[in-house]
Amino acid sequence: MLKNVISHRELIAVLAWKSIALRYKQAYLGIAWAVIKPLTLMLIFSLLRSIVGIDTGAVPYAVLTFAALLPWLFFQEAASEGVNSIVGNAHLIRKIYFPREVFPVTAVATKLVEFAINYVILLGLMAYYGIYPSAQALWVPVLVCYAALISLAIALVGAALNVYYRDVSAALPLVLNLLMYASPVIYPLSLVQEKLLANHAAGDWSRFLYAVYTANPLAGLIDAFQRVMLRGEPPDVHAMLPGLISVAIALPISYLLFKRAESWFADVI
Amino acid sequence: MSIIEVRGVAKEFRLGQLHGIKQSLQNAIARVRRQPLEPQPFVKALEEIDFGVAPGEVLGIIGHNGAGKSTLLKVIAGITSPTRGHVSVRGRVAPLIELGAGLVPELTGRENIFINASILGMRRAEIKAKFDDIVAFAELEQFIDTPIKRYSSGMAVRLGFAIATSVDADILIVDEVLAVGDLAFQRKCFDRMEEIMKRRGNTVLLVSHNIRQVERMCSRVILLDHGRIVSDGRAAEVCDRFFKQSNAKIHQFTHRSTSGVIRTSGEAEVMDVETLDATGRPTDEITSGQPLRVRVNFELQRPLAQPEIIVGTHTTDFVYLTGSSTAILDNRPSLEAGRHEVELTLSSFPLTAGVYCIRFVILDRTRRVVFAGDNLRSFIVSPRASEAREEGLRMLNIPAAWVMDGHELTEPALLERSG
């Protein structure tokens with residue numbers, strides 16, 4: 001897969017540029033839309049938090065949740081765009097051949113640009129609250145790659161299934177929404193750790209539940225992103241390990257299923 | 001050594017709707033339980049296709065709509081997999097299938113050149129090097145920074161063609177892309193295709209309904225019918241065979257619908273219309289430039305004094321070609337009630353190959369319409385032996401004489417091949 005992606009990197013770059021150019025070409029606010037979404041969500045969550053009350057330690061809630069929204073929205077949009085990428089490019093699928101994974105990979109790559117813009121906003125927010133990134137911020141590129149791989153694990157199998165059953169693209173927004181609540185976006189991971197690991201809220205099942213919770217790779221990813229950017233701490237390997245294992249299992253399976261389905265795309269789509 | 005090898009390829013498509021998740025699950029369960037699956041209806045788009053293509057060969061693929069041409073190209077291009085058999089392709093394939101697939105209306109011509117050329121497999125550096133050439137060929141210098149959606153359809157298609165034909169590949173797959181735009185641009189396209197094929201020495205697979213172009217450009221032609229190869233050989237022979245087959249088909253069609261378009265006052269009825277060969281035997285086919293003989297049997301309910309009789313020809317889309325009338329004769333007879341037979345001979349029917357139809361009209365002395373019928377019978381005009389070398393843009397074959405630098409040049413005899 002890596003070989004195909006590398007040999008088609010120019011095509012991927014051009015296609016990614018195309019979809020970005022297309023999205024913002026006739027919008028008056030242009031690329032600003034990429035920023036409006038996380039900022040709005042941040043405001044809503046801040047409002048929510050002022051009612052519910054979530055303990056975030058030393059870091060202001062607004063920054064913490066914005067730092068969580070960054071990898072989350074990248075994943076959410078990369079995955080949903082990736083799932084729709086094959087059906088959305090039906091006219092090309094029917095006319096021309098290049099490795100089909102170019103489409104989901106392009107969808108993920110496109111989102112990198114929006115991630116980069118929001119990253120700059122995050123730096124601005126941090127500066128406003130007087131938080132400055134440490135050398136731990138060098139982890140960010142690694143975490144972004146990890147986020148891309150998680151997105152691909154969903155996007156590849158989802159895109160292939162979506163060709164046969166459009167139910168997938170209909171169900172996906174709902175599933176992703178649920179997944180957001182199961183990930184530490186609105187609340188920090190430390191809260192979950194406190195409840196399950198320190199207080200044993202679920203009794204004997206606490207450890208097991210925590211493992212299940214962190215098997216969602218986004219839990220570890222979001223926590224790690226907040227740590228390296230806001231707290232100047234290295235990623236919490238213990239929290240990330242279950243997620244890493246599930247990606248290591250899911251991604252190859254997802255890719256194999258995609259490759260198996262690929263040769264029939266043009267007939268079915 | 002073949003650059004393309006197609007061995008025992010078959011392609012089947014399932015018919016009907018793709019079923020939902022429910023039935024797929026049921027099938028999956030049935031498979032696990034080893035129960036027999038419900039058989040699904042399918043259609044065979046390709047069957048037992050076997051051929052190889054040598055490097056540098058220009059291979060034409062022809063056939064009626066639905067014969068499997070495009071499916072075959074898709075299988076070779078890797079867009080879809082064959083159900084059985086296998087295809088091996090050595091070298092880079094550039095499909096020029098349907099121009100302008102992938103042009104993005106919102107973006108400018110310049111942006112589209114980069115996108116479309118990348119999709120066709122060109123590297124960025126390569127695109128930059130060829131950019132000016134593409135723009136110049138498409139004649140879009142002034143509009144290159146205008147969004148494509150403001151282009152006329154001709155402009156967009158020109159851009160598509162210019163991009164597609166600038167791709168360097170070992171194998172070019174061309175599906176119905178020749179002849180786009182106005183006449184002048186068609187000429188340019190044609191020259192460019194010829195240049196690609198002849199000079200660059202690429203291997204080319206060409207699918208077109210324009211048989212004359214296929215015949216001219218290809219060294220070898222494959223004729224497909226209902227998913228099978230029915231003929232594979234020299235271009236002229238295969239194309240000739242296709243011409244005959246396709247004329248017969250049109251003829252059969254117009255023949256079956258003997259729905260002549262008839263107006264009649266009830267005083268006359270046409271019993272039979274026949275076309276005849278030189279010896280007077282009924283035939284459906286004459287060679288272009290040969291005499292045309294038409295015999296009409298009709299019946300009058302009452303006598304007509306000096307009626308005017310017209311026998312004419314028209315194309316299948318009702319463009320009137322010839323019309324011969326007895327009105328110019330001084331001695332046209334009066335006709336009794338009962339059966340009559342009239343025969344008309346045109347010394348030459350000079351139209352190019354195709355299917356034509358007969359019309360027949362009877363007027364009385366005051367030019368009142370007694371009977372008028374179009375499309376009463378169709379007949380085939382087959383091409384002359386020299387067809388492969390003839391100019392394509394023409395409707396008539398009229399003997400021509402040439403003098404070059406004072407020397408007479410002779411053209412092949414018009415009647416060298418009959419029926």
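1. Let's call a residue buried if 20 or more other C-beta atoms lie within 10 Å of its own. Keep in mind that what we have here is a predicted model. By that cut-off, 34% of the 419 residues in chain B come out as buried.

2. Staying with chain B: the chain has eight helices and 20 strands. Take its contacts with a separation of 6 or more, and 75% of them are accounted for by residues 24 or more positions apart.

3. Now the place where the two chains meet. Here 22 residues of chain A are in contact with 24 residues of chain B. On the chain A side, the elements giving two or more residues are α2 (9-25), α5 (90-93) and α13 (265-268). Which of them gives the most? That would be α2(A), with seven residues. As for character, the chain A side splits into twelve nonpolar, three polar and seven charged residues.

4. Helix α10 of chain A (residues 206-215) is worth a look too. Its buried residues are A:Tyr210, A:Tyr213 and A:Thr214. Why do they line one face of the helix? Because, looking down the axis of α10(A), they fall within an arc of 90°. The general rule behind such patterns is that an α-helix has 3.6 residues a turn, so residues three or four places apart point the same way.

5. Turn α10(A) around, and the face away from its buried side carries the exposed residues A:Phe208, A:Ala211 and A:Val212. Back on the buried side, the cover over those residues includes α9 (189-198), α11 (217-231) and α12 (237-262) of chain A.

Definitions and conventions:
Residues are numbered from 1 along each chain as its sequence is written. Chains are lettered from A and ligands numbered from 1 in the order in which they are written. This is a predicted model: local features need pLDDT of at least 70, side-chain atom pairs count only at pLDDT 80 or more; totals for chains, interfaces and linings use all residues. Two residues are in contact if their C-beta atoms, placed from the backbone, lie within 7 Å. Helices (H or I, at least four residues) and strands (E, at least two) are DSSP runs, numbered from the N terminus. Ala, Val, Leu, Ile, Met, Phe, Trp, Tyr, Cys and Pro count as nonpolar, Asp, Glu, Lys and Arg as charged, and the others, Gly among them, as polar. A residue is buried if 20 or more other C-beta atoms lie within 10 Å of its own, exposed if 12 or fewer, and partly exposed in between; C-beta atoms are placed from the backbone. The arc is that of the directions from the helix axis to the C-beta atoms.
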